[in-house]
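Biologist: Could you put the structure up and talk me through it? I have a handful of short questions.

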Amino acid sequence: MLEVGYLRLDNPIAVISSYHNPASNGAAGLFLLDGFDLDDVSVSVVESCLRDLDRMNEPDGAAIGLSVTCSTDEPLMEAARLASSRLCLLDLKFTKIGDPLRLLDLISQLKRTGVTLSVRIRPEDLTDDLLRCLKETDLDLIHLDLRGLNGAGPKIVKKAADERGPAIMALADVGEFDDAKKLLSMGADVVSLRGADPEFAEWLSGAMKEYDSIIGWCNAPKHICAGGDLRGLAFCCPPVKHCAVLGALKRAGMTPEEFVERKLCLAKGTPLEKGDGTCFGSFVWCCKITKPCYLRDAALSRAGLSGKEYMTLKKKLAEGLLKNS
Ligand code: SF4
Ligand code: SF4
C-alpha cells in the first residue's frame with residue numbers, strides 16, 4: 001500500500017486513459033483521466049466525467065487522478081478544488097505552464113486547496129535547479145514522462161529520487177514486468193502506463209501486488225555498487241573499504257562515521273540487531289534478500305524472521321537513514 005497525500009494505492013501501477021474514452025481495468029492502483037486542456041474544456045466537463053465513472057462504478061478500488069493543463073491559473077484552481085473535494089490526484093502537465101517560476105507559484109496556490117498534486121514533466125524540462133526547487137515545495141509527486149528515451153529512464157529516475165523530494169511516478173514504455181521493476185528499483189514509487197493493452201496492465205498490477213506480498217518491498221533498491229539509489233544504503237556493509245558507498249554517503253550528506261552510528265541506532269531494539277554468523281554479525285549490514293546468501297538465510301531462520309519481514313525492516317531502515325540527512 002502506497003500512501004501519497006490522501007491517495008491510497010494498493011499497487012504501484014497507474015493507468016492513464018483519455019477522458020474521451022476511459023478504459024479502466026479496475027486492477028491498477030491509480031486510474032488517471034488524461035487530456036483535460038482547460039483552455040478548451042471547462043471544469044464542468046471534468047466533473048461530468050467523474051460522475052460518469054461513479055455511475056459505472058469504475059474503476060473499482062483504484063484511486064482516481066485528473067490530468068490537466070491550462071495557460072491561465074483560475075481554471076486550474078477550480079480543477080484543484082474539484083479534485084480535492086473528490087480526493088482525486090491532480091496531475092498538472094508542464095506543457096502550457098512552460099515557465100518554471102509560474103510552475104512554482106502555481107504549486108503553492110494549488111496546494112492551498114488541499115489537493116494531492118503531481119506535476120507531469122519531461123526530463124529535458126526538469127533542470128537541476130528546478131528539481132532542487134521542487135524539493136522545497138509541498139508537491140506530492142513528480143510525474144516523469146520518460147517515453148521514447150530508449151533505456152535512459154531508470155537513471156533519470158535515480159537522479160530525481162536521490163534528491164529526496166516528492167515521490168516519483170515514472171511514465172515509460174513498459175512492455176514487461178522487468179521494465180517496471182527496473183524503474184521501481186531505481187526509486188520510482190509508481191509506474192504509469194499510457195496506451196497499454198488493458199490485459200497487460202491488469203496482469204502487471206496483479207504481478208506487482210504478488211511480488212510485494214512475497215518480497216515486502218516492491219520498489220526495493222539495488223545495492224549501491226550495482227547502481228542503486230540512496231535507499232540502497234540500507235544494504236551496505238560498514239564503510240571499511242574503498243567502494244561506491246563512499247560516494248553515496250557524500251551525496252547523502254553523511255560521513256562514514258555518522259552512517260555507522262545512524263544504522264546501529266536505527267537497528268537498536270529491532271530484529272535487525274541480530275545476525276550471528278553473518279559477515280558483520282548483524283542483519284543491519286546484510287545484503288538484499290534477492291542476493292543469495294546461505295549465512296544470512298540460516299541466521300534469519302535462527303532468528304525466526306522471514307525474508308519478507310527482513311525486507312520490511314530494511315525498508316524502514318532506509319527511510320530512517322535518509323530522513324533529514
Ligand atoms: S558497502 Fe558493500 S554493498 Fe555498499 S557499495 Fe560497498 S560493497 Fe556494495
Ligand atoms: S552474510 Fe551474506 S547477506 Fe550478510 S553481508 Fe555477508 S554476504 Fe551479505
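Modeller: What follows is a conversation about this predicted model, going from domains to ligands, helices and a few loop residues.

Biologist: How is the protein divided into domains?

Modeller: The domain assignment gives domain 1 (2-215) and domain 2 (224-322), and the centres of domain 1 and domain 2, taken over C-alpha atoms, are separated by 32 Å. Where they meet, the contact takes 9 residues from domain 1 and 9 residues from domain 2.

Biologist: Which helices supply the side of domain 1 that touches domain 2?

Modeller: α5 and α7 (198-215) each supply at least two residues of that side, and α5 gives the most, with 3 residues.

Biologist: And what is the chemical make-up of that side of domain 1?

Modeller: The residues on the side of domain 1 that touches domain 2 divide into 4 nonpolar, 2 polar and 3 charged.

Biologist: Switching to the ligands, which residues surround ligand 1?

Modeller: Around ligand 1 there are His223, Ile224, Cys225, Phe235, Cys236, Cys237, Cys243, Ala244 and Val245. Sorted by type, the shell of ligand 1 has 8 nonpolar residues, 1 polar residue and no charged ones.

Biologist: What about ligand 2, which residues are around that?

Modeller: The residues around ligand 2 are Cys237, Thr278, Cys279, Trp285, Cys286, Cys287, Cys293, Leu295 and Arg296, and that shell divides into 7 nonpolar, 1 polar and 1 charged. Cys237 is named in the shell of ligand 1 and again in the shell of ligand 2.

Biologist: Val245 came up around ligand 1. Is Val245 buried or exposed in its helix?

Modeller: Val245 belongs to helix α8 (residues 244-252), where Val245, Ala248 and Leu249 are buried. These three cover an arc of only 100° around the axis, so they sit on the same side of α8.

Biologist: Why would residues with that kind of spacing line up?

Modeller: An α-helix has 3.6 residues a turn, so residues three or four places apart point the same way.

Biologist: What is on the face of α8 turned away from its buried side, and what do the buried residues pack against?

Modeller: The face turned away from the buried side of α8 carries the exposed residues Gly247 and Lys250, while the buried residues of α8 pack against α9 (256-267). Just after α8, glycine 253 takes a positive phi of about 75°.

Biologist: How does the reach of α9 sit with what you would expect?

Modeller: α9 has 12 residues and reaches 17 Å from its first C-alpha to its last, which is close to the 16 Å expected at 1.5 Å a residue.

Biologist: Which residues of α9 are buried, and which are exposed on the other side?

Modeller: Phe259, Lys263, Leu266 and Ala267 are buried in α9, and they lie on the same side of α9 because the arc they cover around the axis is only 95°. On the other side of α9, Glu257, Glu261 and Cys265 are exposed.

Biologist: What covers the buried residues of α9?

Modeller: The cover includes α8 and α11 (307-322). Just after α9, glycine 269 takes a positive phi of about 80°.

Biologist: Those two are glycines; which residues have a positive phi without being glycine?

Modeller: Among them are lysine 96, with a positive phi of about 80°, and arginine 164, with a positive phi of about 55°. Lysine 96 is found in the loop between β6 (89-93) and α3 (100-111), whereas arginine 164 is in the loop between α5 (153-162) and β9 (167-171).

Biologist: Why do they count as partly exposed?

Modeller: Buried would require 20 or more other C-beta atoms within 10 Å, and exposed 12 or fewer. Lysine 96 has 16 C-beta neighbours inside 10 Å and therefore counts as partly exposed, and arginine 164 is partly exposed because it has 18 other C-beta atoms within 10 Å.

Biologist: What does serine 71 touch?

Modeller: Leaving aside residues up to four places away in sequence, serine 71 touches Asp39 and Lys96. Serine 71 lies in the loop between β5 (63-69) and α2 (73-85), and its C-alpha atom is separated by 8.8 Å from that of glycine 98, 27 residues apart along the chain.

Biologist: Last one, where is aspartate 10, and what does it touch?

Modeller: Aspartate 10 lies in the loop between β2 (7-9) and β3 (13-18), and, not counting residues up to four places away in sequence, it touches Met1, Gly29, Gly61 and Lys209. With 18 C-beta neighbours inside 10 Å, aspartate 10 is partly exposed.

Key: Residues numbered from 1 in each chain as written. Chains lettered and ligands numbered in written order. Predicted model: local features only at pLDDT ≥ 70, side-chain atom pairs only at ≥ 80, totals over all residues. Near = placed C-beta within 6 Å. Nonpolar A, V, L, I, M, F, W, Y, C, P; charged D, E, K, R; others polar. Helix = DSSP H or I, 4+ residues; strand = E, 2+ residues; numbered from the N terminus. Domains from an automatic or database assignment. Contact = placed C-beta atoms within 7 Å. Arc of directions from axis to C-beta. Expected span 1.5 Å × (residues − 1).
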